[in-house]
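Hi everyone, thanks for coming. I'd like to walk you through a structure that's new to most of you, so let's get it up on the screen.

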Amino acid sequence: QLQLVESGGDLVQPGGSLRLSCAASGFTLDYWTIGWFRQAPGKEREGVSCINISRSKPEMYYSDSVRGRFTISRDSAKDMVYLQMNNLQPEDTAVYYCAAAHPATSIQDMCAYHKVGSWGRGTQVTVSS
């Protein structure tokens with residue numbers, strides 16, 4: 001059974017930084033399209049950032065709301081995917097979910113159209129003074 005586990009969520013002040021981590025059990029992240037999504041209370045789930053390294057050149061997608069502030073990356077040795085979040089703002093407050101999709105899924109299809117195969121349970125990020 002494919003399982004994804006997120007960690008790293010916390011309470012942080014505006015302008016602060018956090019790094020979220022995504023670990024998998026039952027499969028290797030390297031072979032999948034991996035994404036970070038978020039959902040704030042009363043709002044629809046948003047595809048924040050997705051990565052696919054199974055292509056000849058790694059591909060990354062960022063939503064307009066986080067481009068320039070968030071960075072997605074992976075550590076093949078540890079089989080982890082990270083989301084580095086800088087200059088956090090109150091509007092970034094949400095539950096953040098790690099997700100996996102079939103390797104043939106494009107980063108656009110995953111992040112923009114939510115074509116996801118497996119979801120983690122989420123980690124809470126709260127940005128407040």
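Before the first pair of strands, one bit of vocabulary: two strands pair if DSSP finds at least two bridges between them. And keep in mind that what you're looking at is a predicted model.

Okay, strands. Find β1, residues 3-7, and β3, residues 18-25. These two pair in the antiparallel sense, over five bridges. If you want one spot to look at, take L4: its bridge partner in β3 is A24. Now, β3 has a further neighbour. Strand β8, residues 80-85, is joined to β3 by six bridges, and these two also run antiparallel. Here you can pick out L18, which stands opposite M85 in β8. As general background, side chains in a regular strand alternate between the two faces of the sheet.

Next up, what's packed inside. The largest nonpolar core has 26 residues. Which residues have the most contacts inside it? Those are W36, F70, V81, L83, M85 and Y96. So M85, which we just met opposite L18, turns up again here. Lots of strands chip in: β3, β4, β5, β7, β8, β9 and β11 each supply at least two residues of this core. The largest share comes from β9, with four residues.

Let me zoom in on Y96. Leaving out residues up to four places away in sequence, Y96 touches a long list, including L20, W36, F70, L83 and M85. R38 is on that list as well, and we'll get to R38 in a second. There's also a second, separate core, this one of seven residues, and F37, C50, A101 and I107 are among them.

Right, charges. In general, side chains of opposite charge can pair when their charged atoms come close. How many salt bridges does the structure hold? Six. Start with R38 and E46, whose side chains meet at 2.9 Å, N to O. R38 counts as buried because its relative accessibility is 7%, under the 20% cut-off. E46, on the other hand, is partly exposed, with a relative accessible area of 25%.

R38 also meets D92 in a salt bridge, at 2.8 Å, N to O. D92 lies in the loop between β8 and β9, while R38 is in strand β4, so this pair ties together parts that are 54 residues apart in sequence. Is D92 buried or exposed? D92 is buried, with a relative accessible area of 0%. Sharing partners, the salt bridges join R38, E46, R69 and D92 into one network. Beyond four places in sequence, D92 touches R38, R69, F70, N87, V125 and V127.

One more salt bridge: D79 and R74, with the closest N and O atoms 3.3 Å apart. Both of those residues are buried.

Last stop, A112. Where is it? In helix α1, residues 107-113. A112 is partly exposed, since its relative accessible area is 40%, which falls between 20% and 50%. Outside four places in sequence, A112 touches Y61 and I107, and I107 is one of the residues in that second core. For a sense of scale, A112 and S76 are 36 residues apart in sequence and 25 Å apart in space, C-alpha to C-alpha.

That's my tour, thanks for listening.

Conventions:
Residues numbered from 1 in each chain as written. Predicted model: local features only at pLDDT ≥ 70, side-chain atom pairs only at ≥ 80, totals over all residues. Heavy atoms only, no water. Buried < 20%, exposed > 50% of the residue type's maximum accessible area, 1.4 Å probe, protein only. Contact = heavy atoms within 4.5 Å. Salt bridge = Lys/Arg side-chain N within 4 Å of Asp/Glu carboxyl O. Core = buried A, V, L, I, M, F, W, Y, C linked by side-chain atoms within 4.5 Å.
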